[in-house]
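The following note sets out a few points on the model shown below, for consideration alongside the coordinates.

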Amino acid sequence: MVIAQCKKLVKIYSAAQDFRALDEVSLTIEQGEFVSIMGASGCGKSTLLNILGLLDEPSGGEYELGGVATAQMTDFERTRLRRHQIGFIFQSFNLMPRLSVLENIALPMRYTDKPRAEILPRARELAVRVGLEQKLYNTPLQLSGGQCQRVACARALANNPALILADEPTGNLDSTSSADILGLLQELNQSGMTIVMVTHDPKIASGTHRTIHMKDGKII
Ligand code: ADP
Ligand code: MG
């Protein structure tokens, strides 16, 4: 089954002058795949990931998520689809500094109609799944980088998404923690999660099924 399909995606940023950040990118992601995206800084990796995650809209081309065309959707529909179908993991973790591990993991569920009583038990289950059962009530400042990224992985799983998008998830981690996070993502993938990950590190990319190389807004 196809999870995500892009056809000739174009993204033009209009600043002082127009800049073509994506230039007719076509890409199909199948359910269960673990795909890495590599390429020099500025080649359009984050732009592509943000479009895949419905954080940004293309200037041209088509994008279907779970068989549904996204072009004509309202902001409300896009936000709803994103909340339910996409989990994001960022280089800088993007955790809420004043919230506990448990509350950080619970946060995406608080924006859905999931019954309140089910939220914390599910967050706890996810914390255990990523190996943080000893840290439930710590805040991000009390954790290592690798542990913070584990929280972000658990948070990405909160609403049981169809697709996890990770933008340089090991970019701020030492090599041991990087290997650790790659191992966790591989484990999630083996249990059925579809993952697309941007990385600079060929060693990390070699731990995925397939690597897409980008240059100047194109897949090469
Ligand atoms: P990567 O993630 O591969 O490093 P990005 O997708 O972030 O690259 O950016 C691709 C290109 O688009 C870069 O040249 C960047 O400067 C440009 N760009 C990104 N976001 C914007 C924006 N909001 N406005 C103008 N240009 C942008
Ligand atoms: Mg980037």
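1. Buried residues are those under 20% relative accessible area, exposed ones over 50%, and partly exposed ones in between, with a 1.4 Å probe and protein chains only. This is a predicted model, in which local features need pLDDT of at least 70, side-chain atom pairs count only at pLDDT 80 or more, and totals for chains, interfaces and linings use all residues. Residues are numbered from 1 along each chain as its sequence is written, and side-chain values use heavy atoms, without hydrogens and water.

2. Helix α4 (a DSSP run of H or I, at least four residues, numbered from the N terminus) buries I119, A123, L126 and A127. Viewed down the axis of α4, the buried residues fall within an arc of 100 degrees (directions from the helix axis to the C-beta atoms), so they line one face of the helix. The face turned away from that buried side carries exposed A117 and E125.

3. The buried residues of α4 pack against α3 and α5 (contact: heavy atoms within 4.5 Å). After α4 comes G131, with a positive phi near 80 degrees.

4. The largest pocket has a volume of about 460 Å³, the volume being the space filled by probe spheres set on grid points joined across faces, edges and corners. A pocket is an open set of points on a 1 Å grid over the protein atoms alone, where a 1.4 Å probe fits, with protein on both sides within 12 Å along at least five of seven lines; lining residues have an atom within 4 Å of a point. Of its 17 lining residues, R83, I86, F88, P108 and R155 are the closest to the centre.

5. Strand β6 (a DSSP run of E, at least two residues) gives the most to this lining, with four residues.

Notes. Chains are lettered from A and ligands numbered from 1 in the order in which they are written.
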